[in-house]
Amino acid sequence: MNIDFTNKKTIALLSAVGVLAIATIAAVVVLLTLPGKAIQVEDFSGKSVEEIKQWATEKKLADSQLVIDYEFSDTVEKDKLISQSIASEQKLNKDSVLTVVFSKGPDPDVEVTLPDFKDMTEEEIEKFVETNKLLDVTYEYAVDEKIEKGKFIKVNVTDTVVKRSTMLIFTISQGEDGTGEQIVVPDFSDYTKAKITNWAKANKVTINWKEEASDKIAKDKVISQDPKAGEIIKTGDKITVTLSLGKTVTMKSLAKMSKDEAKKWLNDNGLVGEFSEAYSGSIEYGYVISNTPEKGDVKQGSTVKVKVSLGKIKLESFIGKKKADAENFKKKVNNSEANLTFTYSEVESTEAVGTIVSQGYDSGTYLSPGTTVNFQISKGKSVTVENKAGSSEDDFKKYISGLGLSLGTRSTAYSDKAAGLIIENETGKKAAGSTVWYKVSLGAFSPAAGDFENKTVAEARKIIENANNSGAGWSFSEGASEFNDSIAAGNTFGCSISGKTVTCKVSKGKGVTVKSYVGGSAPCSTNSCSIDGVTIKQVYQSDYSDVPAGQVVSQSVDAGKVVSAGTEVTLTLSKGPRPVTTAKVPDAPLTVYNGTSYDDCKAKIQNAFNNAGFKNLSFVKVTGEVDNKDGINGVVKSVSVELGAEIETSTEIVIEIYSAS
């Protein structure tokens, strides 16, 4: 075919065809480059996980565009929607991700403090259970003659603090006559657990719950009941109801799956993922390290703990920074199981003291968990400090400053060096910027004796003690204790210094010279008194004497002796002469006792004289005399005083009595 390219019509036709071709290509390019059609998101309130998954399938969403998460909630019922990341009527395009969060119900590990249920009614207990979101509560009913119907009898736990998930069994009284009414058991196959619980409470029946996995019966639906529907029971009886756990899922290791793959597998199998992150030396970032449980059958809705890798730890540069900076980094990464160990050593360096000058791994190095990193920290450039004893303190300060060091602890002490001179200082190698301690002389300790006069002994000793704390090496000695009219008792006087010892006398205070009281009358009108600067105590002699009664015969402290004021002086007073008494001598002792034995006669005469008041009696036994020629026992030969006379009772009386043998 030959085309005439010089023909105008041909040229026009070719131009039109070219334009059309270019437009067609452009349209194709535009269609190929336009984003996918946006999808309008629905309001998923009230939808189940399966319904949302079905919606995503119908809308042909990519697996990565739908994320289903779970979290605990006290306000949203379990398996109900909490939130959706894209609100209803908004658009979801091909690059968007829709995250829906479902409730796991109340956190079962929250702790609840139980009250004293005593005297509480069933309704009050139910209110407490509902308010505190207790998750495993059963009510039993029992006849009780003492506890009022509808009131608490007991609970199966003794702890006062329990978790929400703790199984609690409350026993409620049916009163004295609670075995009563007959009840037809309904068919629970279409009942929810809540409806069965409400029916049991209304009819005072105890439900014994059981759970079994089932591939046929939907989760939380009734598998069986015993007694069966239509059977007759009474209030207080028990019914066993077995609920379906739904299908069981055989767990497997999710290790090395991406986080999104693990989420999808868990979601597809009706499981809840609880994700945490940790560093790993073998699993790359974003992939699963491990999961718990890793095997075995678990019920749908169970929580699986999944640990996702953060990869290796990227080490930062700490050169020029401080140890605290490195420790803060270590603390942060170790919270995610980095398990790094940092060690530190000091090295000489021109860098500022405390600055990190090297680290065992370069900045940006990726470390496996458990790695040990060694750091070197500058202790500055060391200098040698010499002994500057004998230098002035000003010269020492200049010397230390010139070495690039700082003055450390300053102390003082007495010494043989002049005041203000260095006694000793820290020596040897020191890191730049560190401190140096030193001791400055106070000169020799040279107190005056007068410094210790009229001080308490404790005060005087304290002067020496304070000086010795600064190296004086002195001592204090107490001299004799003496009376001193001008120095208070216990204070020092007469101090002297010998070598490095201070000796002071100790005042006994103003003395009192004891007077002579012997030969005088008693100075006190009572047993004791204070007089003449002393304390007088008066006692009497134990026997009579020729000294007039009440006259002082002795004193416990000699006259003229100097004593402390108030010293006790005991004065002994005379009882005076023995008092004179008289009595009448019995007038018939010579005949009244005739015929008795010597001893009997003696006893009777002694009794008669004693009764008359005479005690100073002497008896003489007379035998073999002619005057007693008849040998009569008990005849009185003689009495040395006149019978019947009035004489002193102290008079010695000699009585002679005959005796036949």
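User: In this predicted model, what counts as a cavity, and what volume does the second largest cavity have?
Analyst: A cavity is a set of grid points where a 1.4 Å probe fits but cannot get out. The search of the whole structure finds 2 cavities of 30 Å³ or more. For the second largest cavity, the volume is about 50 Å³.

User: Which elements each supply at least two residues of the lining of the second largest cavity?
Analyst: The lining includes Ile 68, Asp 69 and Tyr 70. Lys 263, Leu 266 and Asn 267 are also among the lining residues, as are Val 272, Gly 273 and Phe 275. The elements are strand 2 (66–71), helix 5 (259–268) and strand 17 (272–278).

User: How many charged residues are in the lining of the second largest cavity?
Analyst: Asp 69 and Lys 263 are among the residues that line this cavity. By class, the lining has 6 nonpolar and 2 polar residues. The charged residues number 2.

User: What volume does the largest cavity have?
Analyst: Its lining includes Val 137, Tyr 139, Ala 200, Lys 201 and Trp 209. By class, that lining has 7 nonpolar, 2 polar and 1 charged residues. The volume of the largest cavity is about 70 Å³.

User: Which element gives the most to the lining of the largest cavity?
Analyst: Three elements give two or more residues to this lining: strand 7 (136–142), helix 4 (193–202) and strand 12 (206–212). Val 137, Thr 138, Tyr 139 and Tyr 141 are among the lining residues. With 4 residues, the top contributor is strand 7.

User: Which element gives the most to the lining of the second largest pocket?
Analyst: This pocket has a volume of about 340 Å³. Helix 2 (49–58), strand 2 and helix 5 each supply at least two of its lining residues. The most, 6 residues, come from helix 5.

User: Which residues lie nearest the centre of the second largest pocket?
Analyst: In total, 17 residues line this pocket. They divide into 6 nonpolar, 4 polar and 7 charged. Nearest the centre lie Ala 62, Asp 63, Leu 66, Lys 264 and Asp 268.

User: Why does the pair of Lys 204 and Glu 122 tie together parts that are apart in sequence, and how many residues apart are they?
Analyst: Side chains of opposite charge can pair when their charged atoms come close. The structure holds 21 salt bridges, and one of them joins Lys 204 to Glu 122 at 2.9 Å, N to O. Lys 204 lies in the loop between helix 4 and strand 12 and Glu 122 lies in helix 3 (residues 122–131), so the linked parts are apart in sequence by 82 residues.

User: Which strands are the edge strands of the open sheet in the order 27-30-28?
Analyst: This sheet has 3 strands, and the pairing is mixed. An edge strand here pairs on one side only. The edge strands are strand 27 (406–413) and strand 28 (422–425).

User: Which residue in strand 30 stands opposite Ile 422?
Analyst: Strand 28 and strand 30 (residues 435–441) run antiparallel. They are joined by 3 bridges. Opposite Ile 422, strand 30 places Val 440.

User: Which helix packs on the sheet formed by strands 27, 30 and 28?
Analyst: Residues 393–402 form this helix, which touches strand 27, strand 28 and strand 30. Its direction makes about 170 degrees with that of strand 30. The packing element is helix 7.

Note on methods. Residues numbered from 1 in each chain as written. Predicted model: local features only at pLDDT ≥ 70, side-chain atom pairs only at ≥ 80, totals over all residues. Heavy atoms only, no water. Pairing = 2+ DSSP bridges. Contact = heavy atoms within 4.5 Å. Axes fitted to C-alpha atoms, helices over the stretch in contact; angles between N-to-C directions. 1 Å grid on protein atoms, 1.4 Å probe; cavity = no way out; pocket = protein on both sides within 12 Å on 5 of 7 lines; lining within 4 Å. Points joined across faces, edges and corners; volume = space filled by probe spheres on them. Nonpolar A, V, L, I, M, F, W, Y, C, P; charged D, E, K, R; others polar. Salt bridge = Lys/Arg side-chain N within 4 Å of Asp/Glu carboxyl O.
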